[in-house]
Amino acid sequence: MHDRDVAHGFTSVDTQPRPTDWVQVLDRLGAEPFYAAYKQRLQELLHAGGGGLFLEVGAGTGDAAAAVRSRWGAEVVAVDSSVTMITQARARGLPHVAVADGHRLPFAACRFDGAWADRVLQHVADPGRVLDEMLRVVRPGGRVALADPDYDTQVLDIDDQDLARRVLRFRADVGLRNGSLAHRHAGLLAARGLHDITLEARTLVVRDASAADNVMGLRTWAHTAAARGHLDPMDADRFVAQFDDAVRAGRFTYAVTFFLTVGTLPPSD
Ligand SMILES: C[S@@+](CC[C@H](N)C(=O)[O-])C[C@H]1O[C@@H](n2cnc3c(N)ncnc32)[C@H](O)[C@@H]1O
């Protein structure tokens, strides 16, 4: 089994030691202005304002689905592979929720006016298949929207830039199943015949190290890499020391770019 295939984090929330911790992670991220802003933009690009019936794949706690209902007046079906997440979404008042795997959506073809997946394709075993499923259940002329960070775009200011690159590379290539796919989402949509493809990039810049530490877990990535045999443990210690030096010197900077990609399905013949 490839290291990348090991179930961890959002690939398999329900099998984690404390699944509800992942609910709290989503709540912390959702409260960040950067996330709130790009999520609203994704909804605009989806054309949710015209009403209709939309599907969110990998909806997590369902907060974005709830926002689409209240802000845009559209109806939303929210699915997630995690029972923990769907239980939360239901408890938060979403009426149409289901536990479902994006690789096998339990819906008839052409059922929805649009579908979106936000920070989901980076975690799934077969992103092309999940996208094919989303396209199958959206009607001709409907919209499909994808959002993900692309970890190939990461930068971090610590003294040893080679060490920074090695740790960030681990995050991109091993820490996530598809950590550097987002810049290829437009190509995936184009190859499937979508048109009006819009691609917008938003860069998350983290200058507050406590945000980086608490929200993104960045300070721990080197030791995660060491624990999984991808980095010398002494280099992991050095990474943390240099991370803390950068914080003390007031020059801590981490950035990663998110891509928002939306397209329209061809009309029916
Ligand atoms: C990073 S969270 C994003 C949640 C939500 N879209 C948001 O923006 O807050 C990824 C979500 O995808 C779900 N997920 C992972 N693999 C999935 C799959 N194969 N099918 C459906 N959902 C999946 C996880 O359970 C998790 O809730």
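R111 makes a good place to start in this predicted model. It has 16 C-beta neighbours inside 10 Å, so R111 counts as partly exposed; a residue needs 20 or more to be buried and 12 or fewer to be exposed. R111 lies in the loop between strand 3 and strand 4. Its C-alpha atom and that of H123 are separated by 25 Å, although the two residues are 12 apart along the chain.

Two other residues deserve a look for their backbone angles. R119 has a positive phi of about 60° without being a glycine, and D196, also a residue other than glycine, has a positive phi near 50°. R119 belongs to the loop that runs between strand 4 (112–118) and helix 5 (127–137), while D196 sits in strand 6 (residues 195–206). The table sets out the exposure of the three residues.

| Residue | C-beta neighbours within 10 Å | Class |
|---|---|---|
| R111 | 16 | partly exposed |
| R119 | 19 | partly exposed |
| D196 | 10 | exposed |

Let us step back to the whole chain. The protein has 10 helices and seven strands. Its radius of gyration is 19 Å, close to the 18 Å that the globule rule gives for 269 residues, so the protein is as compact as a globular protein of that length. The C-alpha trace spans about 60 × 40 × 35 Å along the principal axes. Of the 269 residues, 41% count as buried. Among contacts with a separation of 6 or more, 71% come from residues 24 or more positions apart.

What lies inside? In soluble globular proteins, nonpolar side chains tend to be buried together. Here the largest nonpolar core has 53 residues, and A78, A115, M134 and V144 have the most contacts inside it. Strand 5 (residues 138–156) gives the largest share of this core, with five residues. Apart from this core lies another, of 20 residues, which includes L168, F170, F239 and F243. Back in the largest core, A115 shows how distant parts of the sequence meet: leaving aside neighbours within four places in sequence, A115 is in contact with F54, L55, V57, M134, V137, V138 and V144.

Strands 1 and 2 come next. Strand 1 (residues 53–57) pairs with strand 2 in the parallel sense over five bridges. One of the residues involved is L53, whose bridge partner in strand 2 is E75. Strand 2 is mostly covered, with five of its six residues buried.

Strand 2 (75–80) also helps to cover the buried residues of helix 4, as do helix 1 (20–30) and strand 3 (97–99). Which residues of helix 4 are buried? In this helix (residues 83–91), they are T84, M85, I86, Q88 and A89. An α-helix has 3.6 residues a turn, so residues three or four places apart point the same way. Just after helix 4, the backbone of G93 takes a positive phi of about 100°.

Finally, there is the ligand. How many residues surround the ligand, and which are the closest? The shell has 21 residues, and the closest are G58, G60, S81, S82 and G102. By class, nine residues of the shell are nonpolar, eight are polar and four are charged.

Technical notes. Residues numbered from 1 in each chain as written. Predicted model: local features only at pLDDT ≥ 70, side-chain atom pairs only at ≥ 80, totals over all residues. Near = placed C-beta within 6 Å. Nonpolar A, V, L, I, M, F, W, Y, C, P; charged D, E, K, R; others polar. Helix = DSSP H or I, 4+ residues; strand = E, 2+ residues; numbered from the N terminus. Contact = placed C-beta atoms within 7 Å. Core = buried A, V, L, I, M, F, W, Y, C linked by C-beta atoms within 7 Å. Rg over C-alpha atoms; globule rule 2.2 N^0.38 Å. Pairing = 2+ DSSP bridges.
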